[in-house]
Every structure is written in C-alpha cells, then in structure tokens.
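Here is a quick walk through a protein model for the bench, with an eye on side-chain contacts and what sits at the surface. Have the structure open while you read.

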Amino acid sequence: MAISVGAGVSYLSRRNFDPYSFHFRLPCFRVVGSFPEQFSSVSLFLNALLIRPNIDPVMWSLQLEMIGSVIILGLYYAWLRYGKPAIFLPYFVLLALSFTAVWNHLIGSPNSFGQIYAFVSGMAAYIYGRQIVSNLRRPLLWLGVAIVGFAITRPIVGWSSYWTILLETIFGGSIAALLAFGAFRTPSWPTFSIARFFGKISFSFYLLHPIVLMYQNSFSAPVTEAVARGVHPLAICAVLFAASVCFTTPLALAQYQLIELPFIKLGRRLCEA
C-alpha cells in the first residue's frame, strides 16, 4: 500500500472544501436574522486561519475538523510505515492529554480541544473495523448494545465528564464500524429513506441549527406559561423539537443543494486538474 503526496493533497482538499464553504454561506442566510458582531467578515477570515477559535461552538468545531484532517493524514502515512503502533500510541497519548485542563483549553472556548483523539478512534474503526466485525457472531446484537450504550452514557456518567466523551467515542466508533462492515440487509421501509435523507443533509443541518437557538429567548415566556397550566414538559419539548426540525430542514436542504454540493464538486475538479 502506498499513497503519494498528490493523493494526500487531494484528501485535504476534498475534506476541507466542505467545512470551509460554510464561511461563504453565512451571508446567504442573513435574511433569517441579525447575526452577532463576531460573524463579521474579519472574524470569519481569522476563524478560517485558526487564529480566532471562539466565535461559537459550530465555528469552533469546524476548526477542529481542519486540525483533525492534518492529524488523520499524518497518522495514515505513519500507519503505512509502522502499522498499529502509529495509530494506537498517538491515540493513548491524546487520550491521556484529554484529561488535563491545559490541553482542553489549548485553543479557547468551549475548552474541549481534548476531544481531538476521537479522530484517531475513527481511523481505528475504519482500518480495523472490518476484521473485528467479521469475527462477531451476532453483529446486530452488538449494534443494539452500542446504540443503547451511546444513548445512556451521558445521563448516567455525566453531561460534561471526560469519561463521557471517551465512552461516547468508543460507542460511536463501534456503531460506525458495525454499520459499515456488518452483514445487514438494507431496510426498504420509508423510515429508512427519511433517515438517509437527513444523513445526506446532516452537515448543513448541523451548521444551521443555531439559527433556531437565536430565538430561544422569545419562547421562554410561552413555555413557562404552558408549564404553569399543566402541560407536560416532555410534550413541550416534543413540539419545539418538531418545530425546529421543520424550520431548519428546508434551509439545510437548500444549503446542501446550492452551496455544499457545488463546493464538493469544485474541490474534486481542482484535485483532478
């Protein structure tokens, strides 16, 4: 197995063109509401250069994507040469560092830089997942266990514990490996088609969902009044969740079709040129 420098450049271009295209998307959606001052052109430019990392959690996660891309490429080259130690040694080093405050605060708010080891966990799931999953007798059972484990980790272990991030990373990597390499039949029921649709626009959906949060103060009084009248909080949550999904989905679909896909195609054309 060998990978050329050109292939490495191609990987970085294709992986980063989509996240960086978000910097060109914001002006298209300013009609939805007034964006805070930190979304000025200068702030976005400094954010793109990884100089200003604390615009908001979404923008911060994009920076983590940029750094993670370089780490993945470097570790892949090392893995081709040195094998397993090149993956698992950095993983355990980064994992140990993730339990220290200095490492987590390395690039500013939200002070979760330690989660960078999750990229290495994803690499391990991709490289070794097929071999592990093929030896499982009941992959569907293991998939169920991983999904349940992922769902209950945060309420049980803690919402902001270092151990929570570790367990969610393990369960998340396991779910990805099982779905990718497990011998499952593709469901034909309509719900699966809906899931695939939201999977397709998930990145755009994630980037745009803070727009809904901009209006959360407007709902404080009505929600408080509804609870006082005896409406169950879970019912209120369900209604707000459905409303936010209905509001964000058309925006995410438009962004996917008009901005995300063109940037992906542009990145591919530049790599092939």
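## Rings, charges and a greasy patch

Tyr162 counts as partly exposed, with a relative accessibility of 34%. Keep in mind that this is a predicted model, so every value here is computed from predicted atoms.

What does Tyr162 pair with? Its ring partner is Phe99: the two ring centres are 5.5 Å apart and the planes stand at 70°, so this is an edge-to-face pair. The contact links distant parts of the chain, since Phe99 sits in the loop between α4 and α5 (101–104) and Tyr162 in helix α8, 63 residues apart. Phe99 is partly exposed too, at 29% relative accessible area.

Another edge-to-face pair joins Phe197 and Phe198, with 5.2 Å from centre to centre and 75° between the planes. Phe197 is partly exposed at 25% relative accessibility, and Phe198 is partly exposed at 29%. The count of aromatic pairs comes to nine. Ring pairs also link Tyr91, Phe92 and Tyr117 into a cluster.

**A look at helix α4**

Two members of that cluster, Tyr91 and Phe92, bring us to α4, which covers residues 85–97. This helix has 13 residues and reaches 18 Å from its first C-alpha to its last, close to the 18 Å expected at 1.5 Å a residue. Which residues of α4 are buried? They are Ala86, Ile87, Tyr91, Leu94 and Leu95. Looking down the axis of α4, you find these buried residues within an arc of 145°, so they line one face of the helix. Pro85, Leu89 and Phe92 are exposed on the other side of α4. For the ring cluster, then, Tyr91 is on the list of buried residues, whereas Phe92 is exposed.

**Salt bridges**

How many salt bridges does a search of the whole structure find? It turns up two, and here they are:

| Salt bridge | Closest N and O atoms |
|---|---|
| Glu168 with Arg154 | 2.6 Å |
| Arg229 with Glu225 | 2.6 Å |

Side chains of opposite charge can pair when their charged atoms come close. In the bridge between Glu168 and Arg154, Glu168 lies in helix α8 (residues 162–181) and Arg154 in helix α7 (residues 139–157), so the pair ties together parts that are 14 residues apart in sequence. Is Glu168 buried or exposed? With a relative accessible area of 14%, Glu168 is buried, because anything under 20% counts that way. Arg154 comes out as partly exposed, at 22% relative accessibility.

For the other bridge, Arg229 counts as exposed at 68% relative accessibility, while its partner Glu225 is partly exposed at 41%.

**The nonpolar patch**

Back at α7, there is something else to look at. Val148, Ile152, Ile156, Val157 and Trp163 form a nonpolar patch on the surface, and together they have about 500 Å² of accessible area. Which helix gives the largest share of this patch? That is α7, with four residues. One residue to click on is Ile156, which is placed in helix α7. Ile156 counts as exposed, with 64% relative accessibility, because the cut-off for that label is over 50%.

Notes. Residues are numbered from 1 along each chain as its sequence is written. This is a predicted model: local features need pLDDT of at least 70, side-chain atom pairs count only at pLDDT 80 or more; totals for chains, interfaces and linings use all residues. Side-chain values use heavy atoms; hydrogens and water are left out. A salt bridge is a side-chain nitrogen of Lys or Arg within 4 Å of a carboxyl oxygen of Asp or Glu. Buried means under 20% relative accessible area, exposed over 50%, partly exposed in between (1.4 Å probe, protein chains only). The expected span of a helix is 1.5 Å times one less than its number of residues. The arc is that of the directions from the helix axis to the C-beta atoms. Rings of Phe, Tyr and Trp (its six-membered ring) pair if their centres lie within 6.5 Å; planes under 30 degrees apart count as stacked, over 60 as edge-to-face and the rest as tilted. Patches are made of residues with over 30% relative accessible area and no salt bridge: like charges are joined within 9 Å, nonpolar side chains (Val, Leu, Ile, Met, Phe, Trp, Tyr) within 5 Å. Accessible areas come from the Shrake-Rupley method with a 1.4 Å probe; for residues, only the protein chains shown count as cover.
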